[in-house]
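Please take me through this structure in the viewer, one selection at a time. Say what to pick next and what is found there.

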Amino acid sequence: MSSSAIDTTPQKQDGGFFDKLRNSKSFRYRVSVGIRLIIALFLIFFSVFPVIWVFSASINPIATLAGQTLIPENASFANYTELFSSEVFPYWRWFWNSIKIASISTVLSLSITTLAAYAFSRFRFQGRTNMLKVILLIQVFPGLLAIVAVFLMISDLGDIIPFFGLDTHAGLILVYMGGAMGINIWLMKGFFDTIPRAIDESAMVDGASHWQIFTRLLLPLMRPILIVIGILSFIGTYGDFILARVLLKSTEQYTLMVGLQIFTAGQFAQKWGQFSAGALIGALPIMIIYLSLQDYIVGGLTTGAVKG
Amino acid sequence: MGVVQLRGNEKQTKSSSSASSLILRIVLLAVFDVFAVWFIMRAFTNEAFLLVFFMGVIALLFNVVFLRESFYPVRWMSVGYMFMILFVIYPILFTIFIAFTNFGDGHLLTQDQAITQLQKELYLPEEGEAFGWTAFRTEGGDYALWLIDANGDPFLAKPGEPLVPGVAGENGVGELDSNNIPDSIDGYSKLNTLLAASDENLPNILFGEEGATIQVRSPSEAAQLKPLYAYDAESDTLTDQETGRVFTAVQGTYTSIDGQELIPGFRANVGFENFTRFFTSSSLRGPLVRIIIWNFAFATLSVLTTFAMGLVVALIYNDPDFPFKKLIRTLLLIPYTIPPLITIIIWRGMMNPELGVINNFLQAAIGFSPPWLNDAGWARLAILIVNLWLGYPYFMLITSGALQSIPKDIYSAAEVDGASAWQQFWKITLPLLLVSVGPLLVASFTFNFNNFGLIFLFIAGGPPIAGASTRAGHTDILISYVYNLAFAGGRGADYGLASAITIVIFIIVGTITLFQFRYTQMWEEVGENV
């Protein structure tokens, strides 16, 4: 039992019958498991309660914050139908926009990141370490004011190629691409580094080019980290509201996060039920992806962590 | 070994570019160049010079990188660098540039634009060329003016239209009388002297087309308006033609000797003025000191609480045989899977002091309902609780992975030596854990240091600090304060100061990041890895 290694129950020095019981390995283990299960219940309550609460709000026909009880009377899906049929809030449109933007951004930025990480891992060239340092340092620059510059640039760009202008999804995706050369390069490069170079070298002896080695040999091996970084970047883009809110103007073009944020402006407490319904459905895609692929993600995150 | 590999690698790089791939590369580059030239020309005609510049730089780099064999590795990252230059590097340079200017409300224009705008301001000279006038009015309240200049020539003037010579029979003008004044104009009726003199609208109406407008100056005279300010390019001064005051440009505002300022001002380089203000201005110091202290406290406490809770949870369930282990982990992971925006708004609803579930419960249970959103201390606590909920699952994941990697025989040895579980934790588990998780703690610190989303969405920095000279709240951190300065309005945007603060933040978190690498030897790893 490795439990003895991380045993959190304090050891006491009593005498008598209870002492014997306490020192009996199986008894102590059972008590400790019992206590830990109780703690787990509390933790689960802390973690899940807001979600349950929101679900309860979403099926409560009294759609205000004040009128909510944990187990609603006359539970119904009125909030959902009202939200989905609303003319002012094109919910499914926002939902689709978010999925579309996040998917395209993820695929594109993943390609950029993987290509760059391959080069950083497999080639030795001048300025390599400096480039890696700069990429990391840039990440901590607070980009809030820089949004003004991004806005002006996309506005200018839209005058030349309207497809990429303000209030377009293409323009927003373009801006998200700016973050592709980010911290993920480090994570990905670390993973490339774990693949022995002997594999490449033997392929090179057989006359394979770098491109062939990259696509045929290494990419299949990279599958786990590609999934992890893909999901992380999907979640990041899906959850972004600052850039999307600045660059998208018309209600039709909003992403779900922008829509939900606008939704809560004004008489927030009055629209609580509808917001809850929208939030729950909005959180669903990521929750499903995450929970179904959690082993992958946990593996990817922890290898990154342990590698430091 | 490393050197040998390096040489071999280079040789293979060269041999790997076969003829067909060379042709493909050149064709693609040519297509890109055609696009770049077209783009630059369009940008030039649109006067988007920044885009001209950046596209030019990018096109140049692309050509160098794709034609010179020695840049082969950079080709793999060229597209990434393109986007990085456009949407990361340029915005950063922009912010740095703005930090040294007075850019903000009242200083949005360039100097030329400001001068042009100031020169549009007019005044009615008390002397100078004048007309005799007669007023006409329609039923609907439109006015026309019949003017007679010094030579006795008549003109017809309507608001917004150019002056036309007054000729009977044209433009609906009726017969002229002996004074060269028509009896009637189609649709208009003549106002007699008394009516005209007592008409309240008449003195405020600008007749004639823009730039040469004529206004009624006195019951007998109308005159053309003149520009109020005369600009002298040589001395860079504006002179008020009415009063004779001279205005000189001082840090982006035309100012007279007695301190009068002209609006609008213009963008100007103010050197380190914004930074000096940040560090020394007494009106800013009050809120700023509080904000900085809270900023550090918030980031530190956020990291400590999320890490501690994540670690404790990971330790409790770090047991392969623990029942329902997978289920527990899945349920505990849920907070991490919900987009933060949604989470934060949900908590805002739950912590609503009058209506929220938490307060209703506490009121019923202990008879006290914490003023989460209205009291500084409670608001801060609320933010930390929400951030704990958001952040601990991440550290739970990370630490449970890291715990696996600690060799088990260390613990066996410690047990043999009689170390208690408590000692084992402090002497073995924590130090070893910190080695691998340390960088992530620092990353979490820098992230939370600038956690704008949380502060903004949860409480928008509130409750406000009373008597602050700029908009500031008790839970504002530097970056949300920057947002208030730049975008929230109220007392006028000040992009210059906001940018300066941004740079100060960058220096703080940048230094911390660099320090971290120094101590974790991450740089060395970058250099030596593989």
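Select A:Val175 to begin; the model is predicted. Leaving aside residues up to four places away in sequence, A:Val175 touches A:Val150, A:Ile154, A:Leu243, A:Leu247 and B:Phe87. The list of partners thus includes a residue of chain B, B:Phe87.

Now widen the selection to the nonpolar core. The largest one has 168 residues, and A:Val175 is among the members that touch the most others, together with A:Ala116, A:Leu145, B:Val386, B:Phe458 and B:Val482. A second core, separate from this one, has 19 residues. To find the second core, pick B:Trp133, B:Ala135, B:Leu147 and B:Leu156, which are among its members. In soluble globular proteins, nonpolar side chains tend to be buried together.

Go next to B:Gly80, in helix α5 (residues 78-99) of chain B. Is B:Gly80 buried or exposed? B:Gly80 counts as buried because it has 25 C-beta neighbours inside 10 Å, and 20 are enough for that label. Across in chain A, B:Gly80 touches A:Ile112, A:Ala116, A:Ala180 and A:Met181, again not counting residues up to four places away in sequence. A:Ala116 was already named above, as one of the residues with the most contacts to other members of the largest core. For a sense of scale, draw a C-alpha to C-alpha distance from B:Gly80 to B:Tyr411: the two are 46 Å apart in space and 331 residues apart in sequence.

Select helix α11 (residues 340-350) of chain B. This helix is mostly covered, with 11 of its 11 residues buried. The buried residues include B:Ile344, B:Ile346, B:Trp347 and B:Met350, and also B:Thr343, B:Arg348 and B:Gly349.

Add helix α13 (residues 256-264) of chain A to the view. The axes of α13(A) and α11(B) come within 10 Å and cross at roughly 15°. An angle under 35 degrees counts as roughly parallel, so α13(A) is roughly parallel to α11(B). The crossing is left-handed. On the α13(A) side the contact is made by A:Met257, A:Leu260, A:Gln261 and A:Thr264, and on the α11(B) side by B:Leu341, B:Ile342 and B:Ile345.

Another pair of helices from the two chains comes next: helix α14 (residues 272-292) of chain A and helix α10 (residues 325-337) of chain B. At what angle do their axes cross? The angle is roughly 140°, and the axes come within 10 Å. α14(A) and α10(B) are therefore oblique to each other. Their crossing is right-handed. Show the side chains of A:Ile286, A:Met287, A:Tyr290 and A:Leu291 on α14(A), and of B:Thr330, B:Leu333 and B:Thr337 on α10(B); these residues make the contact.

Step back along chain B to B:Phe324, in the loop between α9 (282-316) and α10. B:Phe324 is not a glycine, yet its phi is positive, at about 60°. With 12 C-beta neighbours inside 10 Å, B:Phe324 counts as exposed.

Compare A:Asp167, in the loop between α6 (146-160) and α7 (169-177) of chain A. Its phi is also positive, near 65°. A:Asp167 is partly exposed, with 16 other C-beta atoms within 10 Å.

While chain A is selected, look at it as a whole. Its secondary structure comes to 15 helices and zero strands. Of its 308 residues, 41% count as buried. Among its contacts between residues at least 6 apart in sequence, 69% join residues at least 24 apart.

For strands, return to chain B. Select the open sheet of four strands, ordered β10-β11-β12-β13, with antiparallel pairing. Which strands stand at the edges? They are β10 (229-232) and β13 (253-256); each has a single partner strand, so one side of each is left without a neighbour in the sheet. From one strand to the next the twist averages 35°.

Finish with the pairing inside this sheet. Four bridges join β10(B) to β11(B), and B:Tyr231 has B:Leu238 as its bridge partner. The hairpin of these two strands has four residues between them, and B:Asp236 there takes a positive phi near 50°. Three bridges join β11 (residues 237-240) to β12 (residues 246-250), where B:Leu238 is partnered by B:Phe247.

Key. Residues are numbered from 1 along each chain as its sequence is written. Chains are lettered from A and ligands numbered from 1 in the order in which they are written. This is a predicted model: local features need pLDDT of at least 70, side-chain atom pairs count only at pLDDT 80 or more; totals for chains, interfaces and linings use all residues. A nonpolar core is a set of buried Ala, Val, Leu, Ile, Met, Phe, Trp, Tyr and Cys residues joined through C-beta atoms within 7 Å. Two residues are in contact if their C-beta atoms, placed from the backbone, lie within 7 Å. Two strands pair if DSSP finds at least two bridges between them. Axes are lines fitted to C-alpha atoms, for helices over the stretch in contact, and angles run from 0 to 180 degrees between N-to-C directions. Angles under 35 degrees count as roughly parallel, over 145 as roughly antiparallel, 65 to 115 as roughly perpendicular and the rest as oblique. A crossing is left-handed if the near helix is turned anticlockwise from the far one by less than a right angle, and right-handed if clockwise.
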